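The following exercises are to be worked through with the sequence and the structure at hand. Each task is followed by a solution in steps.

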Amino acid sequence: MANSELQKLNGVGAATISQLNSLGLFTIQDLCFHLPNTYQNKTKVTPISNLDIGEEALIEGEVVSVQAIYRPRKMLVAKISDGYSYLNLRLFYFHPNQTRQFQKGLSIRCYGKTSLSKYGLEMIHPDYEINQKLPPLQKTLNPTYRICKGISQNKIKKFIQEAIKVYDFEDEAINLNHYGDDNALSIKDALEIIHNPSAEIPIDDLIPGGTHPARVKLLKEELIAFQTGMVSLRSKMKTSKAEPCIENGIWREDFLSMFPYELTAAQSRVESEINKDLIKSEPMMRLVQGDVGSGKTAVAILAATKALDSNFQAAFMAPTTLLAQQHFENIKNFFPNHIDEIELLTSGLTKSVRKKILEKIKLGKIKFIVGTHAIFQADVEYCNLALAIIDEQHRFGVNQRLALIKKTENQNIHPHQLTLTATPIPRTLSMSIYANMDVSVIDEMPPGRQPIITSMLSMQSKENLISRTREAISKDSLIYWICPLVEESETLDLSSVTQTHEILCDEFGEDKVGLVHGKLSKDSKNEEIDKFRDGKTKILVSTTVIEVGVDVPDADIMIIENAERFGLAQLHQLRGRVGRGSKQSYCILLHKDKLNEVSSERLDVLCQTQDGFKIAEKDLEIRGPGEIMGAQQTGIVPFKYANLIRDSRYLEETKLIAEKIFNEDRQLANKLIKRWVSGSMAYADA
Ligand code: ADP
Ligand code: MG
């Protein structure tokens, strides 16, 4: 990052830049918008006798005595008096010189959490300063930020203060007061307050969820910007053209004759919703939501047949090579008469093979293209692509989705877009997150599925579990065994696939236990999964690479180690790998011995229900939306400050403001989008 603009700040060199980058801070603007997690009030002194146990406070007094103790453990204890009461300051980590610092009679100021021991009131490792005479008290609240190694609170504070001074906020140009936002603060004002709040403001009003106008200013403007981006994206799509797909023909017939099941009512309904869009000359933007195992693939392939029968190309993009390959094999089976017109395109191909495939795609000889994001790379030219299907879109980074949109940006004809997701997003949220899409829901499971019996088990019982596993294998069970890490880690006490794989091999023999993780080559991965599918191996030890879409209908037991480390949505996805056939399936959530209350509540949700929407709602309640969608960086919830549940009361109002801005002032719309969402929504430029 040699030419980072962060260099402009005092005291920022290459090392600091890379540390700031690791906090997600790349620009001066990023620094300005890096808000404190919370604050310390160091503006007033609390008498020792008024301290509350467990609360943080600032005290001042005089050093009465100091002592370094070495048994039962090493510590430094300094006794402090404020003239009325005493308090012990206790340090477990200290330098011998530090003892000398605490000279009897010197003034001392400490900020920390008060605790009570049998020796009286204490502060353990408080922030403290000692001097003949103490400097004046701080006048503003003291923000504390998310920091990292090498960047102390003081450092980041200094950088942020300077950043706000030098940054041009363009507040004159981006003034939303004419558009119905009655907040009198500018963004610069709001940031000044948030980074330097006066001590009179209650801390609760300033932290996330707080109601101080400075907070509200930031989150509302963020919502307005996001919604402006959405409006702009939608309007762009509305004015572009797509190929109407109207024919039914041999592709569809082939599929229906090869597909071994009746479509569920929900699948048929969603199919017809899609078909209504496909016959139009305006591009479809439809999201199909359906729980894991609800049969989204069949619906997507049916949509593809519509395009194919109308003599256009269709593309099917999966988030991983593994999944792309599996879709490809599946799809070929459905269309025995069209084998030559279906091709797999991933990034792993040799140059010459790739070149040949690209040539055929360009000429329209290949009609159904399945692959990873490689299918939308710059050198891929389509003959007449009418439909792009994006599977499990929450797994794609923003950039990959961006590539798809950019791909068609300069064409008059856009492909219809069909997005599939198992991420169960509560309705209220999907309305605002996917404001630019229509949503269809597959709200019914194929018949004959038995509920998966899910239970929690402490790691202590792992041995016991292994012997139960032996029994299950003798009854022809196929077992997934999921671990969080690839290799043993010294710092984290987590089970690793390699370690678990060894243990299970010792127990059951190497030929019975397979192993899959992200570091294996594509071919080895597939080989392992095939062996498992064919029942040659009985246990497949794996990381979460199999989380998405892998389909082995006979697998009936899912064991997840360190389940407390995973998000609920992810556990639900993993569990969805079993219970696909008619056998009774089981899911065992192995967890560390001492679970805290939140974790045990979360895991319990999974034991109680299998309804993805209920799980998502619970997860939301317990942890907030950032988590359920699988982390901010997926770009699905691109918000820094707004929380769609907590702040839902602003959605209507900000949406109206956004529409008004978009209709009346494109330049302002662009500025706003750039300020807030340029990274994730660059493509939405108005
Ligand atoms: P997902 O929605 O998670 O992508 P899939 O499309 O992979 O689910 O389907 C899960 C399993 O259900 C597959 O084995 C598929 O063949 C099967 N399936 C799909 N539709 C039906 C149906 N209508 N009846 C019975 N099984 C079905
Ligand atoms: Mg799927």
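**Exercise 1: A helix and the strands beneath**

Helix α19, residues 597-608, lies across β16 and β21 (586-591), and its direction makes about 150° with β16. The model under study is predicted.

Task: State in which order the six strands of the open sheet are arranged, and why one side of β16 and of β18 is left without a neighbour.

Solution.
Step 1. The order of the strands in this open sheet is β16-β21-β20-β17-β19-β18, with parallel pairing.
Step 2. The edges are taken by β16 (453-458) and β18 (513-516); each has a single partner strand, and therefore one side of each has no neighbour in the sheet.
Step 3. On average, neighbouring strands of the sheet are turned by 20° against each other, direction ignored.

**Exercise 2: A strand pair and a second helix**

Task: Determine how many bridges join β17 and β20, and which residue is the bridge partner of Trp 481.

Solution.
Step 1. Strand β17 comprises residues 479-482 and strand β20 residues 557-560; four bridges pair them in the parallel sense.
Step 2. Trp 481 has Ile 559 of β20 as its bridge partner.
Step 3. Packed on the sheet is helix α17 (residues 522-533), which touches β17, β18 and β19 (539-542). The direction of α17 makes about 145° with that of β18.

**Exercise 3: The surroundings of ligand 1**

Task: Identify which of the 17 residues around ligand 1 come nearest, and state what share of the ligand's area the protein buries.

Solution.
Step 1. Glu 262, Gly 293, Lys 296, Thr 297 and Arg 449 come nearest.
Step 2. A polar backbone atom of Gly 293 is 2.6 Å from an oxygen atom of ligand 1. For Ser 294, a backbone N or O atom lies 3.4 Å from an oxygen atom of the ligand, and for Gly 295 the distance from a polar backbone atom to a ligand oxygen is 3.1 Å.
Step 3. Ligand 1 taken alone exposes 560 Å², of which the protein buries 88%.

**Exercise 4: One residue in a loop**

Task: Decide whether Ile 201 counts as buried or exposed, and name its contacts beyond four places in sequence.

Solution.
Step 1. Ile 201 is placed in the loop between α5 (187-195) and α6 (203-206).
Step 2. The relative accessibility of Ile 201 is 16%. Buried means under 20%, so Ile 201 counts as buried.
Step 3. Apart from neighbours within four places in sequence, Ile 201 contacts Leu 141, Ile 193, Leu 206 and His 212.
Step 4. Thr 140 is 61 residues from Ile 201 along the chain, and their C-alpha atoms are separated by 9.5 Å.

Note on methods. Residues numbered from 1 in each chain as written. Chains lettered and ligands numbered in written order. Predicted model: local features only at pLDDT ≥ 70, side-chain atom pairs only at ≥ 80, totals over all residues. Heavy atoms only, no water. Pairing = 2+ DSSP bridges. Helix = DSSP H or I, 4+ residues; strand = E, 2+ residues; numbered from the N terminus. Axes fitted to C-alpha atoms, helices over the stretch in contact; angles between N-to-C directions. Contact = heavy atoms within 4.5 Å. Near = heavy atom within 4 Å. Polar contact = N/O pair within 3.5 Å; in protein donor to acceptor, adjacent residues only side chain to side chain. Areas by Shrake-Rupley, 256 points an atom, 1.4 Å probe, with all protein chains shown as cover. Buried < 20%, exposed > 50% of the residue type's maximum accessible area, 1.4 Å probe, protein only.
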